[in-house]
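These are my working notes on a single chain, kept in the order in which I looked things up.

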Amino acid sequence: CLGPPERMGSNWTERTIALSGFPEDILPSTVMTDKLTIHFLRPRNGGGEVESVMYPTDEPGIAYVTFEKEEVVNSVLRKEQVLEDKQLPMKYPLKVSQNNVE
């Protein structure tokens, strides 16, 4: 069994992080997707060019962020990620992990 075909190029899993800890019921999912995209585009968050944000997903409270470059994942994982936005009532510490989708 070879597993699922890679969705977006050969190293999709290496370029993707799973994250949780963001508020789910405050903003529409399209708005939250934008907020997460902007957060991970910012160099000060260790971010870089975002290829896609998958949210909502099959798993409640989980979003997947895929970057264009694999090395961005490492810099994002090294930094403490806190989602902060004027549309949100507080700061949300994000739990970020290397995405190991089987």
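The entries below go from the sheet to the helices, the core, the aromatic pairs and single residues.

**Entry 1. The model.** I record at the outset that this is a predicted model. Every value in these notes was computed from it.

**Entry 2. The sheet.** I began with the strand order. Four strands form an open sheet, and their order is 2-3-1-6. I noted that the pairing is antiparallel. I then asked which strands lie at the edges. They are strand 2 and strand 6, each of which pairs on one side only. For the twist, I read an average turn of 25 degrees between neighbouring strands of this sheet, with direction ignored.

**Entry 3. Strand 1 and its partners.** I turned next to strand 1, which covers residues 16–20. On one hand, strand 1 pairs with strand 3 over four bridges, in the antiparallel sense. I looked up one position here: Thr16 has Thr66 of strand 3 as its bridge partner. On the other hand, strand 1 pairs with strand 6, residues 95–98, again antiparallel and over four bridges. In that pairing I found Ile17 opposite Gln98 and Ser20 opposite Lys95.

**Entry 4. Burial of strand 1.** Is strand 1 enclosed or open to the outside? Five of its five residues are buried, so strand 1 is largely enclosed by the rest of the structure. I checked the two faces separately. Thr16, Ala18 and Ser20 are buried on one side, and Ile17 and Leu19 are buried on the other. Both faces of the strand are therefore covered, given that buried means under 20% relative accessible area.

**Entry 5. The helices.** I then looked at how the helices are placed against the strands. Helix 1 lies across strand 1, strand 2, strand 3 and strand 6. Its direction is at about 145 degrees to strand 2. Helix 2 lies across strand 1, strand 3 and strand 6, and I read about 145 degrees between helix 2 and strand 6.

**Entry 6. The nonpolar core.** I asked which residues of the largest nonpolar core touch the most other members. The core has 21 residues, and the ones in question are Ile17, Leu19, Phe40 and Phe67. I also listed the elements that each supply at least two residues of this core: strand 1, helix 1 (29–41), strand 2 (50–54), strand 3 (63–67) and helix 2 (70–78). As background, nonpolar side chains tend to be buried together in soluble globular proteins.

I followed Leu19 further. Leaving aside neighbours within four places in sequence, its contacts include Leu36, Phe40, Ile62, Val65, Leu94 and Val96. Gly61, Ala63 and Lys95 are also among them.

**Entry 7. Aromatic pairs.** I searched the whole structure for aromatic pairs and found two. In one of them, the ring centres of Phe22 and Tyr55 are 5.1 Å apart and the planes stand at 85 degrees, so the pair is edge-to-face. Phe22 is in the loop between strand 1 and helix 1, and Tyr55 is in the loop between strand 2 and strand 3; the two are 33 residues apart. Phe22 counts as buried at 5% relative accessibility, and Tyr55 is buried at 11%.

The other pair is Phe40 with Phe67, and it too is edge-to-face, with 6.0 Å from centre to centre and 75 degrees between the planes. Phe40 is in helix 1 and Phe67 in strand 3, so this pair ties together parts that are 27 residues apart in sequence. I found a relative accessible area of 0% for Phe40 and likewise 0% for Phe67.

**Entry 8. A cis peptide bond.** I returned to Tyr55 for its backbone. The peptide bond from Tyr55 to Pro56 is cis, with omega near -5 degrees. Pro56 is found in the loop between strand 2 and strand 3. In general, most peptide bonds are trans.

**Entry 9. Lys35.** Is Lys35 buried or exposed? This residue of helix 1 has a relative accessibility of 14% and so counts as buried. I then looked up what its side chain meets. One polar contact, of 3.2 Å, joins it to the side chain of Asp85, and another, of 2.5 Å, to the side chain of Gln87. Not counting residues up to four places away in sequence, Lys35 touches Leu27 and Leu83 as well as Asp85 and Gln87.

Methods:
Residues are numbered from 1 along each chain as its sequence is written. This is a predicted model: local features need pLDDT of at least 70, side-chain atom pairs count only at pLDDT 80 or more; totals for chains, interfaces and linings use all residues. Side-chain values use heavy atoms; hydrogens and water are left out. A nonpolar core is a set of buried Ala, Val, Leu, Ile, Met, Phe, Trp, Tyr and Cys residues joined through side-chain atoms within 4.5 Å. Buried means under 20% relative accessible area, exposed over 50%, partly exposed in between (1.4 Å probe, protein chains only). Contact means heavy atoms within 4.5 Å. Two strands pair if DSSP finds at least two bridges between them. A polar contact is a pair of N or O atoms within 3.5 Å; within protein, one must be able to donate a hydrogen and the other to accept it, and residues adjacent in sequence count only if both atoms are side-chain atoms. Rings of Phe, Tyr and Trp (its six-membered ring) pair if their centres lie within 6.5 Å; planes under 30 degrees apart count as stacked, over 60 as edge-to-face and the rest as tilted. Axes are lines fitted to C-alpha atoms, for helices over the stretch in contact, and angles run from 0 to 180 degrees between N-to-C directions.
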